[in-house]
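User: Please take me through this model and show how each label is earned.

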Amino acid sequence: MPDYAIGVDLGGTNLKAATVSADGNMLDRLNAQTDITQGPERIINDIVASIEALRDRAGSGQRLTGVGIGVPGFIRLAEGYVVGSHNLPPLNEYPVRDAIEQRLGTPVILENDANAAALGEKWIGAGRDVDDLVLLTLGTGIGGGIISHGRVLHGAVGMAGELGHLTVVPNGNPCGCGNVGCLEKHASATAVESMANLLALGDNLTSKDVYDLAVAGDERARRIFASMGEALGIAIAMLINVFNYPLYLMSGGALAAWEFFYPALEAEVRKRSFTYRNTETRIDKAILGNEAGLFGAAYLPFQAQRSTHE
Ligand SMILES: [Zn+2]
């Protein structure tokens, strides 16, 4: 009987779920809405309904190994809940894993969404040839995932890899986490838009608008992406100095602006990392796009099963 797992990528307003085989093929998928205005039970219902729909569609000829769920926010692994999620406030400190496990009668593993994306890239994406990598997810915020010896690096309770909150500017912009100068306040899409506002490039420009201006040759727009690249470069240089891993990946819509931010990024890393200058270290684009988190979430139960059999 072939084994499959179900991966779930939980966002603030929508939910993606997929059936994935043990060799990394996506067999089925669905998208659903998540209603976060009606309390935690409603969100749990939405998640369970999606998983049950996929399980029914898979039929009885296959065996469900388990369910992995990528969630935006800090994870407390032992307790199976989320803390400090701005996207899903009703789930804060709610026993998400146990509630879903009880409803499904199947093992459920919770993971931070960026950690899940990093694991997906390691499994079948840009990192499949290495055992150790770091992924930065560049979006409205910046998430991070660290893969060590093929596994997510969790730290003491599951909150390691919060790379968007590395300090890159000592007295920089204030962040919701309580720090100032966090990477995500200087290199996210939101940061790009804030810089465009500060420079009065236009009214309420999106990061895509700023990108279009950069393509058209606007020097200030290009300077914004260079500034973003510097912030990323400072963070990546620190990561290289700490880990000496072979691969540092970035994902997200901002990759479109690679040509505008990467030169500044690379210059900064070169300046700040002896290890980078003296090793074969790759800084590259992730390749699974929005599906990295789904694959990584689905991989979690396979990996857990394998480790119990080792
Ligand atoms: Zn922060």
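Analyst: A good place to begin is His149, in the loop between S9 and S10. Residues are numbered from 1 along each chain as its sequence is written. The model is predicted, so local features need pLDDT of at least 70 and side-chain atom pairs pLDDT 80 or more, while totals for chains, interfaces and linings use all residues.

User: What makes S9 and S10 a pair?

Analyst: Strands are DSSP runs of E with at least two residues, helices are runs of H or I with at least four, and both are numbered from the N terminus. S9 covers residues 142–148, and S10 covers 151–152. Two strands pair if DSSP finds at least two bridges between them. S9 and S10 have two bridges, in the antiparallel sense, so the pair meets that limit. Ser148 stands opposite Arg151 in S10.

User: Why does His149 count as exposed?

Analyst: A residue is exposed if 12 or fewer other C-beta atoms lie within 10 Å of its own, buried if there are 20 or more, and partly exposed in between, with C-beta atoms placed from the backbone. His149 has 7 such neighbours, so it counts as exposed. The phi of His149 is also positive, about 50°, although this residue is not a glycine. Most residues other than glycine have a negative phi.

User: Why is Asn244 called partly exposed?

Analyst: Asn244 has 13 other C-beta atoms within 10 Å, so its count belongs to the class in between. Asn244 lies in the loop between H7 and strand S11 (247–251). Its phi is positive too, near 50°, and it is a residue other than glycine.

User: How do you know which strands stand at the edges of the five-stranded sheet?

Analyst: The sheet is open, its order is S10-S9-S8-S11-S12, and its pairing is mixed. S10 and S12 (282–285) each have a single partner strand, so one side of each is without a neighbour in the sheet.

User: How do you know whether S4 is mostly covered or mostly open?

Analyst: Seven of the nine residues of S4 (63–71) are buried, and on that count the strand is mostly covered. S4 also pairs in the parallel sense with S1 (3–10), over seven bridges, and with S7 (108–112), over five. Ile6 stands opposite Val67 in S4, and the bridge partner of Gly70 is Glu111 in S7.

User: What makes the buried residues of H6 line one face?

Analyst: The buried residues of H6 (207–215) are Ser207, Val210, Tyr211, Leu213 and Ala214. Seen down the helix axis, they fall within an arc of 160° (taken from the directions from the axis to the C-beta atoms), so they line one face of H6. Their cover includes H5, H7 and H8 (258–272). Gly217, which follows H6, has a positive phi near 100°.

User: Which residues of H5 are buried, and what covers them?

Analyst: In H5 (189–198), Ala189, Ala191, Val192, Glu193, Met195 and Ala196 are buried. The cover includes H4 (184–187), H6 and H7 (219–243). Just after H5, Ala200 takes a positive phi of about 50°.

User: How do you know where the largest nonpolar core lies?

Analyst: A nonpolar core is a set of buried Ala, Val, Leu, Ile, Met, Phe, Trp, Tyr and Cys residues joined through C-beta atoms within 7 Å. The largest one has 97 residues, and Val8, Ala235 and Ile236 have the most contacts inside it. H7 gives the largest share, twelve residues. Domain 1 (3–117 + 290–309) and domain 2 (131–286) both give residues to this core, so it lies between them. The domain bounds come from an automatic or database assignment. Two residues are in contact if their C-beta atoms, placed from the backbone, lie within 7 Å. Not counting residues up to four places away in sequence, Ala235 touches Leu163, Leu166, Val168 and Leu183.

User: How many residues of domain 1 are in contact with domain 2?

Analyst: Twelve residues of domain 1 are in contact with 14 of domain 2. On the domain 1 side, S5 (74–76) and H3 (113–124) are the elements that give two or more residues. H3 gives the largest share of that side, four residues. The C-alpha centres of the two domains lie 27 Å apart.
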